[in-house]
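Hi everyone, thanks for coming. Let me put the sequence and the model up on the screen, and then we'll walk through a few spots together.

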Amino acid sequence: MNDDQERNTINCFRNRLRRLINVGPVLDMLQFLSDDQKELIRAKTRTEGDISAADLLLHEVITKEHSEGWFRELITALETAGCRHAANYMENNPPSPSKEFENDNCIKLIDLLKLSLVDMKTRDVCNSCYQRSLLTDEDRENIFAVNDQQGNKAGARLLLSRLVKKELGWYSEFLEALKETGHGMLARELQGEPLKGHETASGESDEPQALQDETKAVAPGGTEDFSARSHSPPRAFDLHSSQTSPSSAPSLEVQSLDSSMDTSDFLSSTDVSAGDLAKDLDLYKESNEEMETEQTADSPGPSVSDSEIVLHDYQMEVALPALEGKNIIICLPTGSGKTRVAVYITKQHLESRRRMGQPGKVVVLVNKVPLVEQHYKAEFGKFLKHQYSVERVSGDSQLKISFPQVIEKNDIIICTAQILENSLAKAKNGDEDGIKLSQFTLMVIDECHHTQKGGVYNHIMIRYLKQKHRNIGLLKEQKTPVPLPQILGLTASPGVGGAKNQQKAEEHILRICANLDAYTIKTKSLREELMAPYKCIASAPERKEDPFGDVIKGIMDEIHSHAELSPLCQPGTQNYEQWVVQKEQNAAKEDNPRVRVCAEHLRQYNEALHQSNTIRMSDAFSFLNKYYNEELKKKSSPDEDDVIQITDTERFLFRLFKDNKEHLQELTKNPQYENNTLATLKTKILQEFTSRTIARGIIFTKTRHSAIALSQWIRENPKFESVGVRASHLIGGGDQSVVKPMTSAEQKDVLNKFHEGEINVLIATTVAEEGLDIAQCNFVIRYCLVTNEIAMIQARGRGRAEDSSYTVVEEAGSGVAERESVNEYRETMMSKAIARVCTLCQEEYEKKTKEYQMQAIMEERVKVKKKQQKVMKKEDPSKVKFSCRSCNKPVCSGEDIEIIENMHHVNVTTAFRELFTVRENTSLQERFLDYEANGVIACKQCGQGHNVRSF
């Protein structure tokens, strides 16, 4: 290979190499790197660990110029340091995909049984592995040193981390080392054995051996014992046993990886067991069938282990203050099991209350409807419904009883925060359907970083804080205080709230702590438990020619001239979008239909321009064409007696698009004019699917339209199909967009298919960044999308699988990479701020949080006072006039408006009914029994539509 080929080979296998290189000894033997480079890499090892250091080493190797012979020197260093497996990859001599897949599964088995393996006699096993040439002299010295200084378990962890980097064949040798040192039980657990109790009457097993072993983790009730698995894992699959016939011997000796990989029988067995292994590792998933099995009347009931939840050490550490009854915030990365900790705390809380003879009631608050069902099925219902009554309530619920009755009849209630806030508001107004915070003893708040001004979480917590401070007064008066629930907040990323310096970042964290009345915020560095995905920026070169965009900009310039508008920023940008929205709003207030209509059309062209820069030109053209077709339909009345007016400005705009339509359509047929970011995205997707045995990922994009268009683009491209890409889109459920939203059932169906592997690429809007339980991914791509540091952390956290990657695709010069760097800086500020808050003395912490609480209460009082004054100054309803936003035709006065349930404002007069026609809303298709929700009322005079419910 020449120099470029060597670098390309290293880059191709970079994701895998970074986990196979033992950086310290390799670095000592490299002469082509400078001392400064080496010191930088060593510093990375000390601060961020071996994988990050290996990534930096590979970066220096690939991107910098080196003296002749550098590649051979690197290979020799790897071989000498015991990294022969990594050397094979660099020499473009990787194992076959089946052997590679087999080795990956062996590593997963080691990880699955790590809790048991760390109790091994480390020194004895280390010596045995050394004698079998699995470890180098330096490996053994380091393991002994760690074992002596930090204890047996730390030494065992280092030993395991070294073994999994070794050349194929290490697994069978390790099993022999375990047997030789008196760890036969551990070896048998790793080897796996069939269960005689699951054989058929004929003596033949009707399941593959891997599946028989899996059933050992099934409780008598017929459901998988996930909680037991997390503590004492079931026997692992025997990935090395031959299954040439159903009547194979019940116990087979483990063969070496190299010899066992050659048989087709073994490969077919591995395909079955590997699939089940992937499912087994996903502790957050439970199918509807499993839930139904648990609920059958003739089920013998769960074993004790079904209700046992065993936490990892880091999970127990962050849970301790809550177990003592304190209000806390738990801040752990996505995928680290925050919700599992909340389930454990909930269980201990209810058990503690029961032991003391006191009632306990827990409410779990979420900010998205799909999370209600998810938390019920995958966590709270799954682990606690055998001991406690658990119910979920959301806008999608079909319950026949009121919310207060649900609260009364159940121990644990999972609901959207808005439902609770509505009921709390009713109680304050004296409504019998209202409830009070005092009815709960524990309140769990998911994604609690949303507890800020204006959020529904904050409205609830303001009620809490007001009562807390009233209670102080009651105690002074020697009166009984009103009981309040314990608070447990969960978040992966509280963010910095737009802070530009460290002091403001700390203030932001303290405000969230104050808003949640938290005694402390608990976090944990999980560098060992959860390794961050490999990150890179993929920059596409700027377009040399963009005739499609030039035509659109020319149309926009003509509209600017017609409306006498002078934009201060470039079309196709977010700043332009904000400018034109403001112009449209001002024109509507000033009764200027010419500018208002032009601004509305400019928004559509700006969106099309943005689309042509991120998706295909044909998608942007289809968007514009659809918009103008629908606008023309508005100008035709379904009633022949009615004539809809078309203004001169509207005629100008329709003619302008018509004159340019054919030219735009022709340009879409020239692929050389497509944006380069789409080509970069294509390259990245193909790279992920060709460099991995199994690829599963999420592509985040800005708009619903782009998510749908990208999904269609992938499905229509045969190159993606040839490498096994199966894509679908996932978008939100709100109806504020012109794009038809996804229902909860549609979202659930897509996520289930993603879990099952029927879909392996999700193209999603930000709806998938936070909260939703999405199957483990090994690549995440943010496509021309950068928001804030919270969204970055949440999106990156979707790459939970080993060897995962996180890529930002951008056009050079777009500023995306720069904004991503700002988010990284903010993330660092956030981590430092949390650490600083955690180290504050309790007296200072409580003083600051109390100040912020009083400030929040006073701000709320001022807000209420202003609202009351506004009500007192309210005009006579007859003086309030309503008119059509488009043509300004008078519609009604305030006297015609009726208020339903103190929130819905409707006009049911006969006169109003004569002023509009009802059209079908093409973006909504739902039908209900007593009303239809897909109606759009349109002004009879101008055809302007408004999305409302028509009864």
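**A cavity and its lining**

Let's start inside: the lining of the second largest cavity takes at least two residues from each of helix H29 (593–614) and helix H30 (617–634). Before going on, please keep in mind that this is a predicted model, where local features need pLDDT of at least 70, side-chain atom pairs count only at pLDDT 80 or more, and totals for chains, interfaces and linings use all residues. Residues are numbered from 1 along each chain as its sequence is written, and side-chain values use heavy atoms, with hydrogens and water left out.

A word on terms. Helices (H or I, at least four residues) and strands (E, at least two) are DSSP runs, numbered from the N terminus. A cavity, on a 1 Å grid over the protein atoms alone, is a set of points where a 1.4 Å probe fits but cannot get out, and its lining residues have an atom within 4 Å of a point. Grid points are joined across faces, edges and corners, and the volume is the space filled by probe spheres set on the points.

So how many cavities of 30 Å³ or more does the search of the whole structure find? There are seven. The second largest holds about 80 Å³ of space. H29 gives the largest share of its lining, with four residues. Among the lining residues are Arg596, Glu600, Lys634, Glu650, Ser886 and Cys942. By type, the lining has six charged residues, four polar and two nonpolar. Here Ala, Val, Leu, Ile, Met, Phe, Trp, Tyr, Cys and Pro count as nonpolar, Asp, Glu, Lys and Arg as charged, and the others, Gly among them, as polar.

**The chain overall**

Stepping back, the protein chain has 39 helices and 20 strands. Of its 951 residues, 51% count as buried, meaning under 20% relative accessible area, with exposed over 50% and partly exposed in between (1.4 Å probe, protein chains only). Of the contacts (heavy atoms within 4.5 Å) with a separation of 6 or more, 71% are between residues 24 or more positions apart.

**Two strands to compare**

Now for some strands. In a regular strand the side chains alternate between the two faces of the sheet. Strand S8 (residues 534–540) follows that alternation: Tyr534, Cys536, Ala538 and Ala540 point to one face and are buried, while Lys535, Ile537 and Ser539 point to the other and are not. S8 runs parallel to strand S13 (residues 805–811), and seven bridges join them; two strands pair if DSSP finds at least two bridges between them. Across that pairing, Ala538 stands opposite Val809.

S13 also contains Glu811, which is partly exposed at 22% relative accessibility. Beyond its neighbours within four places in sequence, Glu811 is in contact with Ala540, Pro541, Glu542, Arg543 and Thr677. The C-alpha atoms of Glu811 and Cys784 are 7.5 Å apart, with their positions 27 residues apart along the chain.

What about strand S10 (residues 727–730): which residues are buried on each side? Ala727 and His729 are buried on one side, and Ser728 and Leu730 on the other, so both faces are covered. Four bridges join S10 to strand S11 (residues 761–764), and the two run parallel. Ser728 stands opposite Leu762 in S11.

**Cysteines**

Why does Cys513 form no disulfide? A disulfide is counted when a pair of cysteine sulfur atoms lies within 2.5 Å, and the structure holds zero of them. The closest cysteine sulfur to that of Cys513 is in Cys838, 7.8 Å away, which is too far for a bond. Cys513 itself is buried, at 1% relative accessible area, whereas Cys841 is partly exposed at 43%.

**Loops and a helix**

Two loop residues are worth pointing at. Glu564 has a phi near 55°, a positive value in a residue other than glycine. Glu564 lies in the loop between helix H27 (547–563) and helix H28 (574–589), and is exposed at 64% relative accessibility. Asp591, also not a glycine, has a positive phi of about 55°. Asp591 sits in the loop between H28 and H29 and is partly exposed, at 46%.

Last stop: Arg353, in helix H21 (residues 338–355). Arg353 is partly exposed, with a relative accessible area of 21%. Leaving aside neighbours within four places in sequence, Arg353 is in contact with Gln358, Pro359, Gly360 and Thr441. Thr441 is 88 residues away along the chain, with a C-alpha separation of 9.1 Å from Arg353.

Conventions
On a 1 Å grid over the protein atoms alone, a cavity is a set of points where a 1.4 Å probe fits but cannot get out, and a pocket is an open set with protein on both sides within 12 Å along at least five of seven lines; lining residues have an atom within 4 Å of a point.
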